[in-house]
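Thank you all for coming. I would like to take a few minutes to walk through one structure, going from strands to individual residues and back again.

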Amino acid sequence: MQFKDYESACKYLDELGQFASKTGVERETRLLKSLKNPENYLNVIHVAGTNGKGSCCAFLASCLKELNYKVGLFTSPHLVKINERIKINNIDISDEDFLACLNTVMLAAKDEEYAYFDLLMAVAMVYYKRNNVDFVVLETGLGGKLDATNAVKSPICSIITGVSLEHTAILGDTIEKIATEKAGIIKENVPLVFNSNDPVVTKVIRNRFNEVNSNNNFFKIYSVNKEMYRIKEISLANIDFFLDNDYYKNDCFSIGSNGIYQVLNSSLCLTALAVLAREKVINFDREAFKIGIKNTRWPGRMELVKKNVFIDGGHNPEGIARFIESVKEIIKISDKKTKLLFSVVSDKDYSQMIRELVESACFDEYYITVVGGLRKVSKEIIIDTFSKYTNKEIRSVDNAGEFINSYDGEELLFAVGSLYLVGEIKECVN
């Protein structure tokens, strides 16, 4: 199959299912082989995790770019346009290049069955090889072990940002099972950097690393935990923090965001960069890293989209917990009242998310809206769920983007609960 224009290509992809026969890694391995394995010519940094992996990827790409490398960045999902998923030096793939690379992939795919993510992953690998990028920062789609991105057999570094309960019907219904899936990206003799704040997850990851590295190459595993970083100052637009581990001695870094969770994500990035320097893959340049971290902008993560309006992509209980941490810090430095705009899709634990938001006591007013197409949750169900935990009035909004676009209040307004919500707001406000 070949596409004559970008629009027809996107229409075809949008009509594909999320799943297909066999696993993502099996399908992608077959497809990449048909394409003569473009991934084998690329220096891939593979990043998995329930929350934070996209942000960690963005920090990595920014810092490597600051070192004057050409950097491919593959992430998901997109917020407004599919091209956002495939970048070089923070510039989205053009419609023309997307079409050309997809047609190349479709020739290799022939009439075999592939899922949406399989084809996008292949498009990215073809695009990055054609452009001779120095590094590719690759975010997993779902899980790790069976994910299409795990078709990359020889990354130069693997990173696991954190694990919590999500996609339990697919990945397992316990933290141990989900951690085992994420740990599936661990490869023999490939350095691993991971978030060790959860002892259960840490045990699973270390056990898996030891199983894979039977050659006693244990020195290639590096952990990052909350004892290693300390926040110096928070403002509405920035966080300054200290990092103290084997590579940084109370070095101060600044993040262009007030999302508390970005301290961990940037610390994972900085540790991975130091590990790559130790492996003599890159040079250790502390000042370049500081600039790269400061210049990183990752859409939809405590993003200030207009005066007094923040949007955040937290879309599961763990993401909501991290969002609340950031809101509490903002409230400490602001005397403004707060409003919450919330929406959610049906396959999330929205009851727990709503309970966390209400019990945080962070918000003076609540607004809800509906997003997500076939996965949407009705206004009535969302309002009823909020009503279980609060007596405050809950107002409904027909169009989130228009609501934000016209908002000119002095109160702080936070939008959270779904990446669909973030995308709808971004498209309208921008």
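What follows is a short tour of a few strands, two loop residues and two sheets.

Please keep in mind throughout that this is a predicted model.

Let me begin with strand 1, residues 44-48, which is mostly covered, with five of its five residues buried. In a regular strand the side chains alternate between the two faces of the sheet. Here both faces are covered, since Val-44, His-46 and Ala-48 on one side are buried, and so are Ile-45 and Val-47 on the other. As for its neighbours, strand 1 runs parallel to strand 5, to which it is joined by four bridges, and strand 1 also runs parallel to strand 6, again with four bridges. Val-47 is a convenient residue for seeing both pairings, because its bridge partner in strand 5 is Glu-139, while in strand 6 Val-47 stands opposite Ile-159.

From there we can step into the loop between strand 5, residues 135-139, and strand 6, residues 157-160, where Thr-149 is found. Is Thr-149 buried or exposed? Its relative accessibility is 0%, and so Thr-149 counts as buried, the cut-off being under 20%. The side chain of Thr-149 makes a polar contact, at 2.8 Å, with the side chain of His-46, a residue we have just met among the buried ones of strand 1. If we leave aside residues up to four places away in sequence, Thr-149 touches His-46, Phe-74, Phe-117, Met-121, Leu-138, Glu-139, Thr-140 and Gly-141, a list that brings back Glu-139, the partner of Val-47 in strand 5.

The second loop residue is Gly-184, which has its place between helix 7, residues 175-182, and strand 7, residues 192-195. With a relative accessibility of 13%, Gly-184 counts as buried, because that value is under 20%. Which residues does Gly-184 touch, not counting those up to four places away in sequence? They are Lys-145 and Asn-150. For Lys-145, which lies 39 residues apart from Gly-184 along the chain, the separation between the two C-alpha atoms is 3.8 Å.

Now to the sheets, and to an open one of six strands, whose order is 12-13-17-14-15-16 and whose pairing is mixed. Strand 12, residues 303-306, and strand 16, residues 394-396, stand at its edges with a single partner strand each, so one side of each has no neighbour in the sheet. On average, and with direction ignored, neighbouring strands of this sheet are turned by 25° against each other. At one end, strand 12 and strand 13, residues 309-311, run antiparallel and are joined by three bridges, with Glu-303 standing opposite Ile-311 in strand 13. Turning to the helices, helix 11, residues 317-332, lies across strand 14 and strand 17, and runs at about 170° to strand 17. Helix 13, residues 379-387, packs on the sheet as well, touching strand 14, strand 15 and strand 16, and its direction makes about 155° with that of strand 15.

Lastly, there is an open sheet of three strands in the order 9-10-11, with antiparallel pairing. Its edge strands are strand 9, residues 229-234, and strand 11, residues 249-255, each of which pairs on one side only, and the twist from one strand to the next averages 25°. Strand 10, residues 239-244, pairs with strand 11 over six bridges, and one of the residues to look at is Leu-243, whose bridge partner in strand 11 is Asp-251.

Note on methods:
Residues are numbered from 1 along each chain as its sequence is written. This is a predicted model: local features need pLDDT of at least 70, side-chain atom pairs count only at pLDDT 80 or more; totals for chains, interfaces and linings use all residues. Side-chain values use heavy atoms; hydrogens and water are left out. Helices (H or I, at least four residues) and strands (E, at least two) are DSSP runs, numbered from the N terminus. Buried means under 20% relative accessible area, exposed over 50%, partly exposed in between (1.4 Å probe, protein chains only). A polar contact is a pair of N or O atoms within 3.5 Å; within protein, one must be able to donate a hydrogen and the other to accept it, and residues adjacent in sequence count only if both atoms are side-chain atoms. Contact means heavy atoms within 4.5 Å. Two strands pair if DSSP finds at least two bridges between them. Axes are lines fitted to C-alpha atoms, for helices over the stretch in contact, and angles run from 0 to 180 degrees between N-to-C directions.
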